[in-house]
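Please open the structure in your viewer and keep the sequence beside it. The notes below are meant to be read with both in view.

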Amino acid sequence: MFTFDPSVETEKIVGFINSTIKKYNFRGAVIGVSGGLDSAVVLALLVKALGRDKVKAFILPERDSSKSSTKDAEMVCKHFDVEYKIISIAHVLRAMGVYKLFPPALFTPEKVKASYAKKRWQRYPDPYSMDLRNEGDELFLKGIAYYRAKHRVRMCKLYFEAERLGYCVVGTTNKTELALGLYVKWGDDSVDIEPIKHLYKTQVYALAKYLGVPEKIIQKPPTPDLIPGLTDEEAFGLTYPEIDDILMKLDTGIDVDTEKAKRVKTLLELAKHRELKSLGIEDVQA
């Protein structure tokens with residue numbers, strides 16, 4: 001339905017990055033690298049646009065972070081030959097009292113933690129919709145506060161590092177995630193530029209192959225970092241190809257009336273809750 005040429009798209013995004021950096025007088029770019037597909041693709045685009053010397057990558061794990069994700073993030077930075085730092089944000093979260101909500105399961109294997117967390121998620125009929133609505137019982141709301149704080153602390157750290165260098169903070173959210181609300185308000189949406197927010201997730205995969213992102217990263221199931229072991233597609237209840245096919249049709253004015261399309265439309269509507277920011281009386285009256 002949508003013709004997509006990775007080489008043309010790369011040239012367009014590289015031009016966008018360069019012109020924006022120049023227009024706002026930034027000296028370079030800072031990016032948080034998670035070990036996932038989107039940050040790997042954006043890192044590759046930044047290197048193409050600015051050169052590796054003007055890109056600083058930060059890997060910001062915390063107490064509950066998967067060790068494999070940190071290793072994958074480090075691998076991506078080395079693959080694109082970018083200077084990076086691994087800085088734990090656990091001490092900040094601990095000082096805020098975040099970890100008091102869910103005390104650590106000491107000496108418990110990561111797989112066991114993931115299994116327990118997923119069972120807790122699955123106790124609710126439609127937890128992702130509840131998350132978008134900011135609704136749920138006391139335990140669920142504690143979980144929302146718990147995971148969102150992590151994203152917000154990461155962005156504070158990225159801005160701290162960027163502003164002392166005169167660099168911009170670069171985001172990694174794609175169009176599919178943005179449409180369905182798979183981001184944290186005042187967290188990973190709080191950036192200076194978003195180079196891939198016009199691309200559906202399936203297009204990001206195509207771009208990743210073109211840019212030479214390591215195959216291990218391309219093959220990894222995308223995770224929202226909500227709870228250990230949970231994937232994006234499990235949270236949505238649909239696969240990315242299914243979602244993007246529906247979104248593309250809707251975006252071109254083609255209505256789709258299937259059960260899967262109804263699910264997508266519901267999430268699109270609920271995702272508007274994420275857009276509530278600094279609302280005032282004048283905004284309502286307008």
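Where is the place of Val33? Val33 sits in the loop between β1 and α2. Helices (H or I, at least four residues) and strands (E, at least two) are DSSP runs, numbered from the N terminus.

Before the points, a word on the model. This is a predicted model, in which local features need pLDDT of at least 70 and side-chain atom pairs count only at pLDDT 80 or more, while totals for chains, interfaces and linings use all residues. Residues are numbered from 1 along each chain as its sequence is written, and side-chain values use heavy atoms, with hydrogens and water left out.

1. **Val33 and Gly32.** At 4% relative accessibility, Val33 counts as buried (buried means under 20% relative accessible area, exposed over 50%, and partly exposed in between, with a 1.4 Å probe and protein chains only). Leaving aside neighbours within four places in sequence, Val33 is in contact with Ser39, Leu43, Ala57, Phe58, Ile59, Ala73, Val76 and Cys77; contact means heavy atoms within 4.5 Å. Gly32 belongs to strand β1 and is partly exposed, with a relative accessible area of 23%. Not counting residues up to four places away in sequence, Gly32 touches Ser39, Phe58, Leu158 and Thr172.

2. **What the UniProt record marks.** An unreviewed UniProt entry lists positions under "binding site", including Gly32, Val33, Asp38, Thr172, Lys201 and Thr223. UniProt positions are given in the numbering used here, feature names are shortened, and annotations may be inferred rather than shown by experiment. A "binding site" annotation in the unreviewed entry also covers Asp38 and Glu177. These two are spread over 140 residues of sequence, yet they cluster in space, with a largest C-alpha distance of 10.6 Å.

3. **Asp38 and Glu177 up close.** Look for Asp38 in helix α2 (residues 37–50) and for Glu177 in helix α8. Asp38 is buried, with a relative accessible area of 7%, and Glu177 counts as buried at 9% relative accessibility. Beyond four places in sequence, the contacts of Asp38 are Thr172, Asn174, Glu177, Ile196, Lys201 and Val204. With the same kind of neighbours left aside, Glu177 is in contact with residues including Asp38, Thr172, Lys201 and Asp232.

4. **A buried charge without a partner.** Which side chain of opposite charge is nearest to Glu177? That side chain is Lys201, 4.1 Å away, and Glu177 has no salt bridge although it is buried. Lys and Arg count as positive and Asp and Glu as negative, while His and the chain ends are not counted. A salt bridge is a side-chain nitrogen of Lys or Arg within 4 Å of a carboxyl oxygen of Asp or Glu.

5. **Salt bridges elsewhere.** How many salt bridges does a search of the whole structure find? The search finds 23. In one of them, the side chains of Arg274 and Asp131 meet at 2.7 Å, N to O. This pair links distant parts of the chain: Arg274 is in the loop between α13 (259–270) and α14 (281–285), and Asp131 is in helix α6 (residues 127–133), 143 residues apart. Both Arg274 and Asp131 are buried.

6. **A partly exposed pair.** Lys175 forms a salt bridge with Asp251, with the closest N and O atoms 3.5 Å apart. Lys175 lies in helix α8 (residues 175–180) and Asp251 in helix α12 (residues 240–251), so this salt bridge ties together parts that are 76 residues apart in sequence. Lys175 counts as partly exposed at 29% relative accessibility, as does Asp251 at 44%.

7. **The nonpolar cores.** A nonpolar core is a set of buried Ala, Val, Leu, Ile, Met, Phe, Trp, Tyr and Cys residues joined through side-chain atoms within 4.5 Å. The largest one has 38 residues, and Ile17, Val33, Val41, Leu43 and Leu46 have the most contacts inside it. Helix α2 gives the most to this core, with 10 residues. Apart from it lies another core of 22 residues, among them Trp121, Tyr128, Leu132 and Leu230.
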